[in-house]
Amino acid sequence: MTVNRTSCNLCEAMCGLLVTVEDGRVTEIRGDKSDPLSKGHICPKAVALRDLQEDPDRLQRPVRRTADGWVEMSWPDAIDLVGTRLAEVQREHGKDAVGVYQGNPNVHSLGALTHMPAFVGMLSTRNRFSATSLDQLPHMLAARLLYGHQYMIPVPDVDRTSYLLILGANPLASNGSIMTAPGIGRRLRSIRARGGRVVVIDPRRTETAAVADEHYFIRPGTDAAFLLALIHQVFADDNVTAAGYIDGLDAVRNAVQEWSPERAAAATGVDAEVIRQVAKDFAAAGSAACYGRIGVSTQRFGAVCQWAIQVLNALTGNLDRPGGTMIPRPAVDTLRGAGPGHLGRYRSRVRGLPEFGGELPSATIADEILTPGKGRIHALMTIAGNPVLSTPNGNRLDDALRTLDFMVAIDPYINETTRHADVILPPTPLFERAHYDLLFHQLAVRNTTRWNEPVLPKPAHARHDWEIFRDLGRVYARRAKRRTSLRIMMTLGALRLTPRRIVDLGLRIGPYRLSLRQLSKQPGGVDLGALEPALPKRLRTRARRIDLAPDLILDELPQVRSQLIDRRAGQDLLLVGRRHLHDNNSWMHNSARLVKGRARHQLLMNPGDLTPRGLKDGQRVRVSSSVGTVEVDLVATADIMPGVVSLPHGFGHTRPGVRLGVATTVPGVSVNDLTDPGLFDELAGTAALNGIPVAVTAVIQPEGGTR
């Protein structure tokens with residue numbers, strides 16, 4: 001028996017784990033109290049890592065789809081087939097004929113982060129997509145505009161703040177997101193214990209709202225109006241204490257002049273006096289942090305929301321201040337290894353949507369597959385992603401995948417998306433590979449670092465994800481006859497480096513001058529200290545100054561007024577998503593221990609909205625949007641705002657051909673069979689997954705009754 005240290009990679013919290021192994025099998029998973037960030041905290045998902053390791057549905061060898069079903073292949077044959085077919089499609093139809101979709105788990109895998117960008121870059125296609133445009137893209141755009149780099153995202157200093165204002169986020173379910181804060185429940189309790197306040201603005205009384213000092217309902221999609229009114233009130237109260245390196249104050253003041261609390265109240269449903277008081281309390285707090293997450297990002301004005309959050313923090317002197325929002329300083333400098341980001345260098349072929357950082361909005365993948373013409377996607381590679389469940393109007397994408405000439409998936413499961421693949425290449429799971437979080441230390445509420453060796457040996461028949469990309473690169477370069485290109489030669493050289501070597505180099509040139517040898521001696525993690533003020537020195541902007549009034553954002557504000565004030569919502573119900581602690585997007589429903597207990601798939605509706613529609617608590621209802629209809633069970637609850645309904649993300653595993661023995665028995669529907677790809681943030685291209693107009697009616701049985 002051995003007890004091994006590692007960290008959980010299922011979400012952003014990076015919780016330290018103690019994993020007991022007996023006779024080659026994981027027998028126990030506990031929190032590691034020696035971890036300086038998580039301090040022993042884990043959630044139910046970490047315990048389920050054992051289920052992922054032992055899941056009989058997890059693929060361990062490459063498979064190929066044939067007329068008689070799935071057939072195992074050798075790794076050399078599979079790699080050769082995939083590299084050859086990608087090169088052939090590009091030779092026949094052009095570079096953009098190959099599309100790539102990168103799912104969320106890639107940012108939690110060391111090997112994917114070190115080797116995936118190099119291989120995808122070799123393909124030289126503009127048709128690149130990822131979960132970014134379904135999630136945090138507005139954060140990245142705001143960071144690029146204000147601070148000069150897409151990953152320079154200030155995070156709340158929750159361990160020292162006196163006032164935490166949360167919009168569209170539920171950290172008790174997410175464990176913190178774009179805010180790596182394991183044990184967030186303990187941290188929130190500490191805010192209140194030291195006399196601080198936690199205030200939540202959300203259309204649902206979430207788990208986080210339930211433990212906050214204050215919670216106010218807000219109409220979905222109107223957070224921009226609320227935030228603009230807060231900024232207006234800060235100016236009106238003469239509470240601006242921005243740092244000397246911040247410009248654009250007068251331009252911001254003029255831009256928000258019309259956004260009085262009364263005007264915002266009409267759009268948001270939040271009382272004007274509440275807006276006024278929140279602004280006063282935020283500015284008067286000894287330290288304060290405004291934090292908004294996916295609920296404010298994935299709506300029509302997500303980019304305006306994330307900009308406004310940064311402006312509020314900056315105006316009140318809370319940017320780069322202990323207890324405010326601060327820039328972490330990781331041991332491996334993420335900003336040094338990634339580009340600053342760019343917007344609109346090119347646009348999608350069919351709908352003209354802007355790229356950001358070399359990726360097009362995922363809401364248009366189906367358009368690029370189905371629409372004939374030069375640049376049409378004929379072959380698709382999905383990497384640790386399930387866009388049929390994750391992108392708007394998943395049914396249309398489901399149909400589009402059937403038309404591809406070739407599809408390959410790097411994924412351990414045959415799911416709603418990968419069932420369409422011609423070849424699936426499964427990488428090793430967490431316990432069989434070394435791990436270092438390259439990205440989430442950049443978003444952590446405390447500076448720490450840790451390196452962990454594999455818990456279990458890699459089987460001889462298995463491949464790590466970085467090995468898959470390395471070998472695909474070799475074959476693709478040969479088949480595409482591009483081996484003599486200097487860029488390709490350099491890429492192939494980079495692919496030969498191991499993740500271990502890359503991390504060691506990053507540590508050695510990082511701000512603390514560490515090494516892998518040093519980290520290996522402390523597998524429980526190294527504490528590098530609390531967040532420290534870093535601005536303006538670390539800014540990546542011209543002259544190291546912040547312009548709070550970028551034209552791109554200010555030019556969008558008339559649209560905010562037009563959409564949220566001049567065109568107020570009608571009688572439709574507005575659909576929002578939700579997240580649960582036991583779920584993780586679309587891919588943790590195959591763990592029996594996580595899906596047991598009380599059902600979580602239902603549509604939530606305020607009791608006052610049932611009677612006018614002739615509905616009853618617990619009955620089966622039909623939910624219809626502009627793009628689709630689903631049937632689901634109804635639950636009446638006062639925890640949801642009147643006029644709003646909620647479905648969880650990641651459910652709906654009933655499509656034929658899915659090989660997920662547990663997940664296919666879990667009730668529920670995919671909320672993205674209702675979301676409309678035509679609704680999106682026109683600045684960033686982020687899909688609007690919240691605030692979707694829907695109608696809810698009873699399901700009529702053949703006998704004429706309802707159920």
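**Exercise 1. Identify the residues with the most contacts inside the largest nonpolar core, and follow one of them outward.**

Solution. The largest nonpolar core has 96 residues, and those with the most contacts inside it are L165, F226 and W307; a nonpolar core here is a set of buried Ala, Val, Leu, Ile, Met, Phe, Trp, Tyr and Cys residues joined through side-chain atoms within 4.5 Å. Buried means under 20% relative accessible area, exposed means over 50%, and partly exposed lies in between (1.4 Å probe, protein chains only). The model is predicted, so that local features need pLDDT of at least 70 and side-chain atom pairs count only at pLDDT 80 or more, while totals for chains, interfaces and linings use all residues. Residues are numbered from 1 along each chain as its sequence is written, and side-chain values use heavy atoms, with hydrogens and water left out.

Next, take L165: residues up to four places away in sequence not being counted, L165 touches V199, I201, L230, V278, F282, A289, C290, Y291 and L312, where contact means heavy atoms within 4.5 Å. A second, separate core of 34 residues includes L123, I468, V475 and Y476.

**Exercise 2. Describe how helices α5 and α14 cross, and name the residues that make the contact.**

Solution. Begin with the axes: those of α5 (residues 137-147) and α14 (residues 302-315) come within 8 Å and cross at roughly 50°. Helices (H or I, at least four residues) and strands (E, at least two) are DSSP runs, numbered from the N terminus; axes are lines fitted to C-alpha atoms, for helices over the stretch in contact, and angles run from 0 to 180 degrees between N-to-C directions. That angle makes α5 oblique to α14, because angles under 35 degrees count as roughly parallel, over 145 as roughly antiparallel, 65 to 115 as roughly perpendicular and the rest as oblique.

The contact itself is made by P138, H139, L141, A142, L146 and Y147 of α5, together with G302, A303, Q306, W307 and Q310 of α14. W307 is also among the residues with the most contacts in the largest nonpolar core.

**Exercise 3. Give the strand order of the seven-stranded sheet and locate the helices that pack on it.**

Solution. The sheet is open, with the order β5-β4-β19-β18-β17-β6-β7 and mixed pairing; two strands pair if DSSP finds at least two bridges between them. At its edges stand β5 (69-72) and β7 (128-130), each pairing on one side only, and the twist from one strand to the next averages 20°.

Within the sheet, β6 (residues 98-102) and β17 (residues 379-383) run parallel and are joined by five bridges, with V100 standing opposite M381 in β17. Helix α4 (residues 110-123) packs on the sheet, where α4 touches β6, β7 and β17 and its direction makes about 160° with that of β6. Helix α19 (residues 465-479) lies across β17, β18 (406-410) and β19 (423-425), running at about 145° to β18.

**Exercise 4. Which residue has a positive phi in the loop between β1 and β2, and is that residue buried or exposed?**

Solution. The loop between β1 and β2 holds M14, whose phi is near 60°, a positive value in a residue other than glycine. At 5% relative accessibility, M14 counts as buried. The flanking strands, β1 and β2 (residues 16-22), pair in the antiparallel sense over six bridges, and T6 has L17 in β2 as its bridge partner.
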